[in-house]
Amino acid sequence: MNIFKQFYKSTYSPKDIASFRFQGIGKTILFVFFLTFLSILPSIYYINTMLNEGIDSTKSVINNDIPSFTIDNGTLSAETDVPITVDKGEFSIIVDPTGVITNEDVEDKGNAIALLKNEITVAAGGRVDSYSYSMMEGLTITKADFIDIVDTVDGLKGIIIPAISLFMFLISSAVNFIEVSILAWIGLLLKNLAGRSISYRHLWRMAAYSATLPTVFFTIMSALNTPVPNSFYINWFVEVIILFLAIKEIQNEKTNLES
């Protein structure tokens, strides 16, 4: 069965997920990479859109709507006593030297870049990434420097977008492999609860395919730029339920012997 057919069947069929436990580990690893690639597509699209459409707006806003600011010793200071938010269509720029605005507030904006008190935060496609100013220890960045950085980014888009995409893929892949491994460990408890005899290596394969449905759901929500409340808990709940249902599809050895 090819990977696309497996993908389709694993969105709705615990019985098929159970049958995938006998396939080679290489094919399962490839499937995890496939799910990872699928899950980051919306983020890649929004990052590409933000860079292509947001750079000119960013330079215009910084020049005309944002007060002078300085990032020094890991802290942002600016000529304002309140947070400033400038909305440009589906893209927002935030400057907050007060510490009032959180990463969650930036995420609610959808596509945004925020200079917060101690970090810069970028939200795109339902994904939020933060970078502490302490990473720039010994450097002082002013408003003029930031405009120069934006100009540099504009000239390096052809390199930056693939590099960011690759970095996101590698990090997301590592996270997904850890998630599948943890889910397989949970499967050891579930198989005892279900009275089934299954090895960890088989559970690992089943866990990988149990992640398909929530991955598809959250990818669609990300593509629609719609945050999902309690997404972490929903994701794990659905994965555990699907894995448990797949385990239940495996015939009990005792029952098989008695028959």
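Q: How do the residues lining the largest cavity of this predicted model divide into nonpolar, polar and charged?
A: Happily, this one is quick to settle in the predicted model. The lining of the largest cavity includes I62, F69, V95 and L115, and Ile, Phe, Val and Leu count as nonpolar. The full division is no polar, no charged and 9 nonpolar.

Q: Which strand supplies the largest share of the lining of the largest cavity?
A: Two strands, β4 (91-95) and β5 (111-115), each give at least two residues to this lining. Among the lining residues are I93, I94 and V95. The largest share is 3 residues, and it comes from β4.

Q: How much space lies in the largest cavity?
A: Let's start with the count: the structure holds 1 cavity of 30 Å³ or more. The space in the largest cavity comes to about 50 Å³.

Q: Is N73 buried or exposed?
A: N73 sits in the loop between β1 (69-72) and β2 (75-78). Its phi is positive, about 55 degrees, although N73 is not a glycine. Exposed means over 50% relative accessible area. Because N73 has 72% relative accessibility, the verdict is exposed.

Q: Where is N230, a residue other than glycine with a positive phi, found?
A: A friendly reminder helps here: most residues other than glycine have a negative phi. N230 has a phi near 55 degrees, and at 54% relative accessibility N230 counts as exposed. N230 is found in the loop between α8 (212-223) and α9 (231-248).

Notes: Residues numbered from 1 in each chain as written. Predicted model: local features only at pLDDT ≥ 70, side-chain atom pairs only at ≥ 80, totals over all residues. Heavy atoms only, no water. Helix = DSSP H or I, 4+ residues; strand = E, 2+ residues; numbered from the N terminus. Buried < 20%, exposed > 50% of the residue type's maximum accessible area, 1.4 Å probe, protein only. 1 Å grid on protein atoms, 1.4 Å probe; cavity = no way out; pocket = protein on both sides within 12 Å on 5 of 7 lines; lining within 4 Å. Points joined across faces, edges and corners; volume = space filled by probe spheres on them.
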